[in-house]
Amino acid sequence: MGLILHEIIASPPVRAVKLCLTELGLEAEYKTCNLLAREQFSDEYLKLNPQHTVPTLEDGDLIVWDSHAINAYLVSAYGKNDALYPKDPKVRALVDQRLHFDSGVLFSALRNIGLKIFFKNEKEIPEEDKLRAREALDFAEKFLQGRKFITGDTYNIADFSIYTTASALVALVPGLEKYPNLAKYFDLCKSSFKGISHDEEGLQAFKGLVQQKLSGK
C-alpha cells in the first residue's frame, strides 16, 4: 500500500506536505476531506485522526497528522539526503524553531481568522486579528533579514510551512509591500520549489473561498 494523504486543496498545511512530496519525488493517493462540509467529524475520519484536522498521512500501519510532523517523517523515511531536514544539531535547531514558530505563531494567527470566516460566517476581519497577523508577519520579516530562505541559503521543510502559511495570511491581510524581505522570499520560493505550480492552485483555491465567504455568496 502506498502513501495516502487526506487533504483539502485550499489548506496551507496540506500545501506544505504536497510541496514536500513533490520535492522528494513521492506519489500519494489524495483523499479529499471537506472541512466546510464537516467531513472531518465522520466516524471514519475520527478513527484516523481524533483531532479531526488535515492533512493526515497514512503510510502502511502508520497514521500521522500535523504537516510539520508529516514532512519531518517523509524526509527521514524517504529522503535521499538530509537537505530538507538537516541532521546537524545546530542547523536542525533552527529548522525546528521555525517549524514551531509556524505552528504556534504564524499559523495560529491564520487559523484564528480562518475559523471566524469559514465556520462562524463573519464577514469582516476584526482589527485585533489583523494586528495579530501583522505581528506574526513582522517576525517572519525579521527572520529573513540577511537570509535567502527562512534559515539560510537553502530551503528546507520549514520553508514549505512558512511560505504556505504566510502567503495565505497575506491574502487575508493585504500589505506585502510593508514586508520587502517576505516579498523577495515569496518570489524566490516560487522560482525554487519543484511543486510550486500545483501549490499555486491551492493558494488560489484558498483565496476564492475567502472571497466567497466574505462576500456572503
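1. Start at the N-terminal end: strand 1 (residues 3-7) and strand 2 (residues 28-32) run parallel and pair over five bridges. Pairing here asks for at least two DSSP bridges between the strands, and the elements themselves are DSSP runs numbered from the N terminus, with helices being H or I of at least four residues and strands E of at least two. Within this pair, histidine 6 sits opposite lysine 31 of strand 2. Between the two strands the chain passes through helix 1 (residues 12-24), giving a right-handed β-α-β crossover; that is, with the strands pointing away from the viewer, the path from the first strand over the helix to the second goes clockwise.

2. A word on what you're looking at. This is a predicted model, where local features need pLDDT of at least 70 and side-chain atom pairs count only at pLDDT 80 or more, while totals for chains, interfaces and linings use all residues. Numbering runs from 1 along each chain as its sequence is written, and side-chain values use heavy atoms, with hydrogens and water left out.

3. Does helix 1 come out at the expected or an unexpected length? At 1.5 Å a residue its 13 residues should span 18 Å, and the end C-alpha atoms are 19 Å apart, which agrees. The expected figure is 1.5 Å times one less than the number of residues. Just past the helix, glycine 25 has a positive phi of about 70°.

4. Helix 1 is largely enclosed by the rest of the structure, because 12 of its 13 residues are buried (under 20% relative accessible area; exposed is over 50%, partly exposed in between, with a 1.4 Å probe and protein chains only). Among the buried ones are Pro12, Pro13, Arg15, Lys18 and Glu23. The buried residues pack against strand 1, strand 2, helix 3 (67-78), helix 4 (89-118), helix 6 (157-172) and helix 8 (196-215), where contact means heavy atoms within 4.5 Å.

5. On the domain split, the chain divides into domain 1 (3-78) and domain 2 (89-215), with bounds from an automatic or database domain assignment. Their C-alpha centres lie 19 Å apart, and 17 residues of domain 1 contact 27 residues of domain 2.

6. UniProt, in an unreviewed entry, lists residues 88-209 as "domain: GST C-terminal"; such annotations may be inferred rather than shown by experiment. That span is 74% helix and 0% strand, with its end C-alpha atoms 40 Å apart.

7. Last, serine 215 lies in helix 8 and counts as partly exposed at 42% relative accessibility. Serine 215 is 92 residues from lysine 123 in sequence, yet their C-alpha atoms are 7.0 Å apart.
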